[in-house]
Amino acid sequence: MRWWDIDAVLELEDELFPEDAWSVGMFWSELAHARGPHATRRYVVADEGGRLVGYGGLAAVGGVADVQTIGVTRDHWGGGLGARLLTELLRHATAFESSEVLLEVRVDNTRAQKLYGRFGFEPIGFRKGYYQPGNVDALVMRRDMRDMKEAPPGETGRGPGGTDTDG
């Protein structure tokens, strides 16, 4: 993801997460930490015919990575794009030498929970009222990267709906 992707990402963010969408400042801040020799973030986008159809982000510090966000256009749900984005983020967690990856997911988002479960994430707790202003709880999930030596399920690479890792 680059700065010129932010407007399209914000549009999709507002569509997918109307109550708790990230602000432009949050994305700028994340991208500020995604460049240079001391980068601690990695953000990717997926495009199809010049249209942004998905994005994802990862933060990594001290051997622990955290999936910050994943979003996919509704017309791409069920087509494997979320899995490809997550595969790319886990690849970057490995590059950051993370021994574990954490994430939070809305307790009412069973679709995403199933995806994360297929990738070896296991529930480890809850964060009450994590998503505001709706006061929705978050399920915290964890994947131990040391226990999973093989590549995660899903496809990698580019192509229609593939990931663009120039960010």
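**Figure 1. Parallel pairing of β3 and β4.** In this predicted model, strands β3 and β4 run parallel and are joined by four bridges. One of the residue pairs is Val-67 with Leu-103, the latter lying in β4. Strand β4 spans residues 100-106, and β3 covers 64-72. Six of the seven residues of β4 are buried, so this strand is largely enclosed by the rest of the structure.

**Figure 2. Antiparallel pairing of β4 and β6.** Strand β4 is also joined to β6, here in the antiparallel sense and through seven bridges. Val-105 sits opposite Leu-139 of β6. Strand β6 comprises residues 136-144 and is mostly covered, with eight of its nine residues buried.

**Figure 3. The hairpin of β5 and β6.** Strand β5, residues 122-131, pairs with β6 over six bridges, and the two are antiparallel. Tyr-131 has Val-136 of β6 as its bridge partner. Four residues lie between the strands of this hairpin. Asn-135 adopts a positive phi near 55 degrees there.

**Figure 4. The buried and exposed sides of helix α1.** Helix α1 runs from residue 6 to residue 16, and its buried residues are Ile-6, Val-9, Leu-10, Leu-12, Glu-13 and Leu-16. These buried residues span an arc of only 165 degrees around the axis, which places them on the same side of α1. An α-helix has 3.6 residues a turn, so residues three or four places apart point the same way. Asp-7 and Glu-11 are exposed on the other side of α1. The cover over the buried residues of α1 includes helix α2 (24-32) together with strands β1 (41-48), β2 (51-61) and β3 (64-72).

**Figure 5. A nonpolar surface patch.** Trp-3, Trp-4, Val-24 and Trp-28 make up a nonpolar patch on the surface, and their accessible area together is about 500 Å². Trp-3 belongs to the segment that precedes α1. Its relative accessibility is 53%, so Trp-3 counts as exposed, the cut-off being over 50%.

**Figure 6. Gly-25 in helix α2.** Gly-25 is located in helix α2. Because its relative accessible area is 41%, Gly-25 is classed as partly exposed, in between the limits of 20% for buried and 50% for exposed. Along the chain, Gly-25 and Ile-6 are 19 residues apart, and their C-alpha atoms are separated by 10.0 Å. Ile-6 is one of the buried residues of α1.

**Figure 7. The whole chain, for orientation.** The protein contains four helices and seven strands. Their order along the sequence is α-α-β-β-β-α-β-α-β-β-β. Of the 167 residues in the protein, 48% are buried. Among contacts between residues at least 6 apart in sequence, 61% link residues at least 24 apart. The exposed area of the protein is about 8700 Å², of which carbon and sulfur atoms supply 51%.

Conventions: Residues are numbered from 1 along each chain as its sequence is written. This is a predicted model: local features need pLDDT of at least 70, side-chain atom pairs count only at pLDDT 80 or more; totals for chains, interfaces and linings use all residues. Side-chain values use heavy atoms; hydrogens and water are left out. Buried means under 20% relative accessible area, exposed over 50%, partly exposed in between (1.4 Å probe, protein chains only). The arc is that of the directions from the helix axis to the C-beta atoms. Contact means heavy atoms within 4.5 Å. Accessible areas come from the Shrake-Rupley method with a 1.4 Å probe; for residues, only the protein chains shown count as cover. Two strands pair if DSSP finds at least two bridges between them. Patches are made of residues with over 30% relative accessible area and no salt bridge: like charges are joined within 9 Å, nonpolar side chains (Val, Leu, Ile, Met, Phe, Trp, Tyr) within 5 Å. A salt bridge is a side-chain nitrogen of Lys or Arg within 4 Å of a carboxyl oxygen of Asp or Glu.
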